Amino acid sequence: MAGRQPQLTTREASRNLDRTRANILEVATDHFARNGFHGARVDEIANETATTKRMVYYCFGSKAGLFSACLRAEYALSLIHISEPTRQ
């Protein structure tokens with residue numbers, strides 16, 4: 001059957017979802033940083049990540065859930081930088 005996508009294994013689908021989620025998170029963090037919570041638009045984030053609003057909501061539940069995930073990710077990164085020894 002020409003044009004039919006091969007079935008993904010559970011592991012492959014999980015990796016794809018992880019990559020999609022990471023991509024959404026990266027783009028959303030930028031959008032929230034530039035536009036704030038109320039100025040950021042989920043449809044713009046979805047378009048920039050070549051996915052759908054439905055996928056964004058599937059991964060994060062809501063715009064607030066996406067915002068919260070962005071904050072947690074950035075906080076975790078800041079803790080890594082704080083805990084690294086400084087070199088002089």
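Helices (H or I, at least four residues) and strands (E, at least two) are DSSP runs, numbered from the N terminus. The structure is a predicted model, in which local features need pLDDT of at least 70 and side-chain atom pairs count only at pLDDT 80 or more, while totals for chains, interfaces and linings use all residues. Residues are numbered from 1 along each chain as its sequence is written, and side-chain values use heavy atoms, with hydrogens and water left out.

**Exercise 1. Place Phe67 in the fold and list the residues that Phe67 touches beyond its sequence neighbours.**

Solution.
1. Phe67 lies in helix α4, which spans residues 63-83.
2. The protein has four helices and zero strands, and the order from the N terminus is α-α-α-α.
3. The relative accessible area of Phe67 is 27%, so this residue is partly exposed; buried means under 20%, exposed over 50%, and partly exposed in between, with a 1.4 Å probe and protein chains only.
4. With contact taken as heavy atoms within 4.5 Å, and residues up to four places away in sequence not counted, Phe67 touches Phe32 and Phe37.
5. Phe67 and Gly36 are 31 residues apart along the chain, and their C-alpha atoms are separated by 9.6 Å.

**Exercise 2. Is His31 buried or exposed, and which residues does it contact?**

Solution.
1. His31 belongs to helix α1, residues 10-39.
2. Its relative accessible area is 4%, and His31 is therefore buried.
3. Leaving aside neighbours within four places in sequence, the contacts of His31 are Gly36, Ala40, Glu44, Ile45 and Glu48.
4. Glu48 also enters a distance with another residue of helix α1, Asn23: the C-alpha atoms of Asn23 and Glu48 are 9.5 Å apart, at a separation of 25 residues in sequence.
5. Asn23 is partly exposed, at a relative accessible area of 31%.
6. For the protein as a whole, 55% of the contacts with a separation of 6 or more are between residues 24 or more positions apart.

**Exercise 3. Determine how the buried residues of helix α3 are arranged around its axis.**

Solution.
1. Helix α3 covers residues 53-60, and its buried residues are Val56, Cys59 and Phe60.
2. Viewed down the axis of α3, these buried residues fall within an arc of 80°, so they line one face of the helix; the arc is that of the directions from the helix axis to the C-beta atoms.
3. Arg54 and Tyr58 are exposed on the other side of α3.
4. Gly61 follows α3 and has a positive phi, near 85°.
5. Before α3, the loop between α2 (42-48) and α3 holds Ala50, whose phi is near 55°, a positive value in a residue other than glycine.
6. Ala50 is exposed, with a relative accessible area of 75%.

**Exercise 4. How many disulfides does the model contain?**

Solution.
1. The criterion for a disulfide is a pair of cysteine sulfur atoms within 2.5 Å.
2. By this rule the count is zero.
3. Cys59 is buried, with a relative accessible area of 15%, and Cys70 is buried at 4%.

**Exercise 5. How many salt bridges are present, and which residues form them?**

Solution.
1. A salt bridge requires a side-chain nitrogen of Lys or Arg within 4 Å of a carboxyl oxygen of Asp or Glu.
2. The count by this rule is one salt bridge.
3. Arg34 forms a salt bridge with Asp30, and the closest N and O atoms are 2.9 Å apart.
4. Both residues, Arg34 and Asp30, lie in helix α1, four residues apart, about one turn of the helix.
5. An α-helix has 3.6 residues a turn, so residues three or four places apart point the same way.
6. Arg34 is exposed, at a relative accessible area of 51%, whereas Asp30 is partly exposed, at 37%.

**Exercise 6. Characterise the surface of the protein and identify the residues of its nonpolar patch.**

Solution.
1. The protein exposes about 6,900 Å², of which carbon and sulfur atoms supply 53%; accessible areas come from the Shrake-Rupley method with a 1.4 Å probe, and for residues only the protein chains shown count as cover.
2. Of the 88 residues, 23% are buried.
3. Patches are made of residues with over 30% relative accessible area and no salt bridge, like charges being joined within 9 Å and nonpolar side chains (Val, Leu, Ile, Met, Phe, Trp, Tyr) within 5 Å.
4. Tyr75, Leu79 and Ile82 make a nonpolar surface patch of about 350 Å².
5. Leu79 lies in helix α4 and is partly exposed, with a relative accessible area of 39%.
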